[in-house]
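Visitor: Please take one loop of this model and examine it closely, residue by residue where that is useful. I should then like to see how it relates to the rest of the chain, with the cut-offs behind each term.

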Amino acid sequence: MTHAAILSLLRVSAVMMPVFWCSAGLAQSTTATISQTGNGSAANVDQSGALGAAVQVEQIGDVLVANIVQRDAAHRLRLKMEGADQSAELSQSGAGLNRMEVDMGGSANRVTATQQSEVGGENVALLSQYGTGNQALIAQQAAVGQNYLTLNQNGNDNTANLSQTGGNN
């Protein structure tokens with residue numbers, strides 16, 4: 001087993017253990033499910049302070065890197081990466097609801113997405129990148145109401161910079 005494969009297994013082992021939180025007598029667990037096939041990939045999930053949050057990561061290929069942070073509420077995130085040399089930096093926080101689905105296929109694609117919601121606010125982001133050299137920078141901030149975003153990048157060297165603030169966007 002290569003050094004990179006061992007490190008990949010150690011990262012998965014560290015993040016696949018659910019953390020259990022108790023609040024007002026009700027147990028709310030966070031979950032992180034990670035599946036990796038290939039070499040040199042990493043999935044880092046930080047759910048510190050998240051109550052009832054869930055992450056699902058599937059990585060198929062080589063040198064796929066996911067860094068995910070969830071804070072506060074019961075946010076939901078699904079990430080699928082296929083190909084090589086891709087990265088995703090994803091963050092969800094706030095007392096409202098955040099849902100994100102990201103599908104990446106190809107090589108050298110990059111996604112950075114941040115969702116922040118207040119009580120009564122909800123963010124939904126559906127992102128897909130297929131090709132080579134695509135970049136997406138997404139920011140959603142919901143006060144009251146829902147922000148809904150769909151981004152499809154197909155082909156090569158596409159760039160998107162999208163921001164939603166407020167609600168009902």
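Guide: Asp72 is located in the loop between β4 (54-70) and β5 (76-94); here strands (E, at least two residues) and helices (H or I, at least four) are DSSP runs numbered from the N terminus. The model is predicted, so local features need pLDDT of at least 70 and side-chain atom pairs count only at pLDDT 80 or more, whereas totals for chains, interfaces and linings use all residues. Residues are numbered from 1 along each chain as its sequence is written, and side-chain values use heavy atoms, with hydrogens and water left out.

Asp72 counts as partly exposed because its relative accessibility is 38%, a class that lies between buried (under 20% relative accessible area) and exposed (over 50%), with a 1.4 Å probe and protein chains only. Beyond its neighbours within four places in sequence, Asp72 is in contact with Gly49, Ala50 and Leu51, and also with Ser93, Gly94 and Ala95; contact means heavy atoms within 4.5 Å. For one of these partners, Gly49, the C-alpha atom lies 5.5 Å from that of Asp72, although the two residues are 23 apart along the chain. Towards Gly94, the side chain of Asp72 reaches the backbone nitrogen at 2.8 Å. That is a polar contact, defined as a pair of N or O atoms within 3.5 Å; within protein, one must be able to donate a hydrogen and the other to accept it, and residues adjacent in sequence count only if both atoms are side-chain atoms.

The same loop also holds Arg71, whose side chain meets that of Asp46 in a salt bridge of 3.1 Å, N to O. Asp46 lies in strand β3 (residues 42-46), so this pair ties together parts that are 25 residues apart in sequence. Both ends are partly exposed: Asp46 has a relative accessible area of 28%, and Arg71 stands at 29% relative accessibility. A salt bridge here requires a side-chain nitrogen of Lys or Arg within 4 Å of a carboxyl oxygen of Asp or Glu, and a search of the whole structure finds six of them.

Two others involve strand β6 (residues 97-107). Asp103 and Arg78 meet through their side chains at 3.1 Å, N to O. This pair links distant parts of the chain, with Asp103 in strand β6 and Arg78 in strand β5, 25 residues apart. Arg78 is partly exposed, at 24% relative accessibility. Arg99 forms a salt bridge with Glu122, their closest N and O atoms being 2.8 Å apart. Here too distant parts are linked, Arg99 being in strand β6 and Glu122 in strand β8 (residues 121-132), 23 residues apart. Arg99 is partly exposed, with 39% relative accessibility. Salt bridges that share partners also join Arg78, Glu101 and Asp103 into one network.

Glu122 has a further polar partner: its side chain makes a polar contact of 3.4 Å with the side chain of Gln146. Residues up to four places away in sequence aside, Glu122 touches Leu97, Arg99, Ala142, Gly145, Gln146 and Asn147.

The strands on either side of the Asp72 loop are themselves paired. β4 and β5 run parallel over 16 bridges, and Glu58 stands opposite Lys80 in β5; pairing requires that DSSP find at least two bridges between the strands. β5 is also joined in the parallel sense to β6 by nine bridges, with Ala84 opposite Ser107 in β6. Eight bridges join β5 to strand β7 (residues 110-117), again parallel, and the partner of Ser91 in β7 is Thr114.

In a regular strand the side chains alternate between the two faces of the sheet.

The largest nonpolar core has 26 residues, of which Ile68, Leu79, Leu90, Val102, Val111 and Leu127 touch the most other members. Such a core is a set of buried Ala, Val, Leu, Ile, Met, Phe, Trp, Tyr and Cys residues joined through side-chain atoms within 4.5 Å. Leaving out residues up to four places away in sequence, Ile68 touches Asn44, Val45, Asp46, Val55, Val57, Leu77, Leu79 and Leu90. Asp46 in this list is also the salt-bridge partner of Arg71.

For the whole chain, there are one helix and eleven strands, in the order α-β-β-β-β-β-β-β-β-β-β-β along the sequence. Buried residues make up 41% of the 169 residues. Among contacts between residues at least 6 apart in sequence, 32% join residues at least 24 apart.
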